[in-house]
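Colleague: I've got this one open on my screen. Let's go through it piece by piece.

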Amino acid sequence: MSAHFLDRLFSPNAIAVFGASEKPESVGGRVYDNLRHSGFSGPVYPLNPKYKRLDGQRCYASMDAINKPVDLAVIATPATSIAGVMHDCGRHGVRMAIIISTGFSTGEATGATLLKKLLEIARQYGIRILGPNCLGLIRPG
């Protein structure tokens with residue numbers, strides 16, 4: 001039986017957390033900490049170019065540095081950085097992303113422009129997205 005695309009969301013083998021941080025009040029820090037202490041058996045890779053290590057684990061500046069398969073990306077970075085993050089994920093075969101960022105529905109043209117760009121990148125690489133702002137699971141293409 002072939003794998004269902006939702007397996008990468010509900011049963012990933014490896015997870016990358018963009019925006020991981022040592023700051024307990026940051027969303028990326030909370031997500032990273034929760035995943036590491038939740039009983040998830042696969043690797044959880046923290047990504048943040050500001051850190052060399054987080055909680056004793058190597059922290060990566062980009063997917064290039066991981067150089068291993070990742071099924072799911074959790075993205076908790078500013079909306080303006082997500083296009084670059086999505087390209088990074090796409091080039092490395094990540095096909096499922098959860099986006100936990102603000103700035104897409106600010107009521108300004110900027111939010112709409114960022115969202116449009118995000119969807120174009122998702123379609124380009126075949127990345128399915130959960131979020132932003134409860135858009136639901138977006139199927140590219």
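**Walking through the fold**

Modeller: Start at Gly93, which comes right after α4 and has a positive phi, near 80°. Helices (H or I, at least four residues) and strands (E, at least two) are DSSP runs, numbered from the N terminus.

Colleague: Anything I should know before I start poking at residues?

Modeller: The model is predicted, so local features need pLDDT of at least 70 and side-chain atom pairs count only at pLDDT 80 or more, while totals for chains, interfaces and linings use all residues. Numbering runs from 1 along each chain as its sequence is written, and side-chain values use heavy atoms, with hydrogens and water left out.

Colleague: Fine. How many helices and strands does the chain have?

Modeller: You'll find 5 helices and 8 strands. Reading from the N terminus, the order is α-β-α-β-β-β-α-β-α-β-α-β-β.

Colleague: And how much of the chain counts as buried?

Modeller: 45% of its 141 residues. Buried is under 20% relative accessible area, exposed is over 50%, and partly exposed is in between (1.4 Å probe, protein chains only).

Colleague: Back to α4, then. Which of its residues are buried?

Modeller: Ile82, Val85, Met86, Asp88, Cys89 and Gly90.

Colleague: Met86 caught my eye. Which residues have the most contacts inside the largest nonpolar core?

Modeller: Met86 is one of them, along with Phe18, Leu47, Met63 and Ile75, in a core of 25 residues. A core here is a set of buried Ala, Val, Leu, Ile, Met, Phe, Trp, Tyr and Cys residues joined through side-chain atoms within 4.5 Å.

Colleague: Which elements each supply at least two residues of it?

Modeller: β1 (15-18), β2 (44-47), α3 (63-66), β5 (72-75), α4 (82-91), β6 and α5. The biggest giver is α5, with 5 residues. There's also a second, separate core of 15 residues, and Ile15, Val31, Cys59 and Leu72 are among them.

Colleague: What does Phe18 touch?

Modeller: Leaving out residues up to four places away in sequence, Phe18 touches Leu47, Met63, Ala73, Val74, Ile75, Ala76, Thr77, Val85, Asp88 and Cys89. Contact means heavy atoms within 4.5 Å.

Colleague: Thr77 is on that list. Where does Thr77 lie, and is it buried or exposed?

Modeller: Thr77 sits in the loop between β5 and α4. It counts as buried because its relative accessibility is 14%. Apart from neighbours within four places in sequence, Thr77 is in contact with Phe18, Gly19, Ile82, Val85 and Ser101.

Colleague: What joins the side chains of Thr77 and Ser81?

Modeller: A polar contact of 2.8 Å. That's a pair of N or O atoms within 3.5 Å; within protein, one must be able to donate a hydrogen and the other to accept it, and residues adjacent in sequence count only if both atoms are side-chain atoms. The backbone of Thr77 is involved too: its oxygen lies 2.5 Å from a polar atom of the Ser101 side chain.

Colleague: And where is Ser101 found?

Modeller: In the loop between β6 (96-99) and α5 (109-125). Ser101 is buried, since its relative accessible area is 8%.

Colleague: What about Pro78, buried or exposed?

Modeller: Pro78 is exposed, because its relative accessible area is 55%. It belongs to the loop between β5 and α4. Pro78 and Thr102 are 24 residues apart in sequence, yet their C-alpha atoms are 6.8 Å apart.

Colleague: Switching to α2. Which residues are buried there?

Modeller: α2 (residues 27-36) buries Gly28, Gly29, Val31, Tyr32 and Leu35. They sit on the same side of α2, because they cover an arc of only 165° around the axis. The arc is that of the directions from the helix axis to the C-beta atoms.

Colleague: What's on the face turned away?

Modeller: Arg30 and Asn34, both exposed, are on that face. The buried residues of α2 are covered by elements including β1, β2, β3 (53-54), β4 (57-58) and β5.

Colleague: Last one. Which residue between β3 and β4 has a positive phi?

Modeller: Asp55, in that loop, has a phi near 50°. With 53% relative accessibility, Asp55 is exposed. Asn67, in the loop between α3 and β5, also isn't a glycine and has a positive phi of about 55°. Asn67 counts as exposed, at 66% relative accessibility.
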